[in-house]
Amino acid sequence: MKKQTLGMMISSLRKEKGMTQLDLAEKMGVTDKAVSKWERDLSCPDITSLPKLAEIFEISVDELMQVKTETKEKSDENKVQKIISVALKGTGVAMGIAVTVLSALGKLENGSAFVMLGIGLAAVSISLLNNKSEEN
């Protein structure tokens with residue numbers, strides 16, 4: 001559903017129901033001028049009247065307000081993705097630090113250093129690619 005202003009939403013729902021502004025005003029206990037102002041986004045219905053408005057249009061208040069609720073599953077999945085991303089970046093940083101420290105102490109062969117840096121670079125790259133794909 002395309003994001004609309006509350007006024008546009010009220011207007012389109014009213015028209016779908018074949019109601020005039022006066023019809024809606026009578027059901028809501030307001031004037032037709034008030035409904036006109038709502039639809040032109042010059043004012044908004046009182047927050048306490050939103051449930052009644054949603055009931056008239058036979059939709060939920062969330063739908064009226066165009067609220068997207070995130071399921072617990074989706075929320076948990078996002079947390080796991082963030083943890084994985086942090087772990088991958090941490091791996092990259094840890095490999096870089098390990099190579100630097102071990103090289104300074106003379107305890108690391110060149111071949112091992114390249115492998116460790118490769119692992120770190122791969123971990124950071126995976127994290128960045130994962131973040132990039134989530135943006136799209």
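The following paragraphs lead from the overall fold of this predicted model to its core, its helix 6 and helix 7 region, and a few backbone angles.

The protein is built from seven helices and zero strands, so that along the sequence its pattern reads α-α-α-α-α-α-α. With a radius of gyration of 28 Å, well over the 14 Å that the globule rule gives for 136 residues, the protein is more spread out than a compact globule. The extents of the C-alpha trace along the principal axes, about 85 × 25 × 25 Å, can be read beside that value. Buried residues make up 25% of the 136 residues, and the accessible surface comes to about 9600 Å², of which carbon and sulfur atoms hold 60%. Among contacts with a separation of 6 or more, 57% join residues that are 24 or more positions apart. As for charge, there are 18 positive and 18 negative side chains, and the centres of these two sets lie 5 Å apart.

The packing can be followed from helix 1, which covers residues 6–16 and whose buried residues are Leu6, Gly7, Met9, Ile10, Ser11, Leu13 and Arg14. These buried residues pack against helix 2 (21–28), helix 3 (32–39), helix 4 (50–57) and helix 5 (61–65). The largest nonpolar core has 16 residues, of which Ile10, Leu24, Leu53, Phe57 and Leu64 touch the most other members. Helix 1, helix 2, helix 3 and helix 4 each supply at least two residues of this core, and the largest share, five residues, comes from helix 4. Leucine 64 illustrates how such a member is surrounded: leaving out residues up to four places away in sequence, leucine 64 touches Leu6, Met9, Leu13, Leu50, Leu53, Ala54, Phe57 and Ile59.

Further along the chain come helix 6 (72–104) and helix 7 (110–135), with leucine 108 in the loop between them. Leucine 108 has a relative accessibility of 19% and therefore counts as buried, since the cut-off for that class is under 20%. Beyond its neighbours within four places in sequence, leucine 108 is in contact with Val99, Leu102, Ser103, Ala113 and Met116. The C-alpha atoms of leucine 108 and alanine 98 are 9.4 Å apart, while the two residues are 10 apart in sequence. Within helix 6 itself lies serine 85, which counts as buried because its relative accessibility is 7%. The contacts of serine 85, again without neighbours up to four places away in sequence, are with Ser127 and Asn131.

Several backbone angles deserve a separate look. Just after helix 1, glycine 18 takes a positive phi of about 70 degrees. Most residues other than glycine have a negative phi, and against that background two further positions can be considered. Aspartate 41, in the loop between helix 3 and helix 4, has a positive phi near 60 degrees although it is not a glycine; at 39% relative accessibility, aspartate 41 counts as partly exposed. Glutamate 58, in the loop between helix 4 and helix 5, likewise has a positive phi near 60 degrees in a residue other than glycine, but with a relative accessibility of 63% glutamate 58 counts as exposed.

Definitions and conventions
Residues are numbered from 1 along each chain as its sequence is written. This is a predicted model: local features need pLDDT of at least 70, side-chain atom pairs count only at pLDDT 80 or more; totals for chains, interfaces and linings use all residues. Side-chain values use heavy atoms; hydrogens and water are left out. Helices (H or I, at least four residues) and strands (E, at least two) are DSSP runs, numbered from the N terminus. The radius of gyration is taken over C-alpha atoms; the globule rule is 2.2 Å times the number of residues to the power 0.38. Buried means under 20% relative accessible area, exposed over 50%, partly exposed in between (1.4 Å probe, protein chains only). Contact means heavy atoms within 4.5 Å. Accessible areas come from the Shrake-Rupley method with a 1.4 Å probe; for residues, only the protein chains shown count as cover. Lys and Arg count as positive and Asp and Glu as negative; His and the chain ends are not counted. The place of a charge is taken as NZ of Lys, CZ of Arg, CG of Asp or CD of Glu. A nonpolar core is a set of buried Ala, Val, Leu, Ile, Met, Phe, Trp, Tyr and Cys residues joined through side-chain atoms within 4.5 Å.
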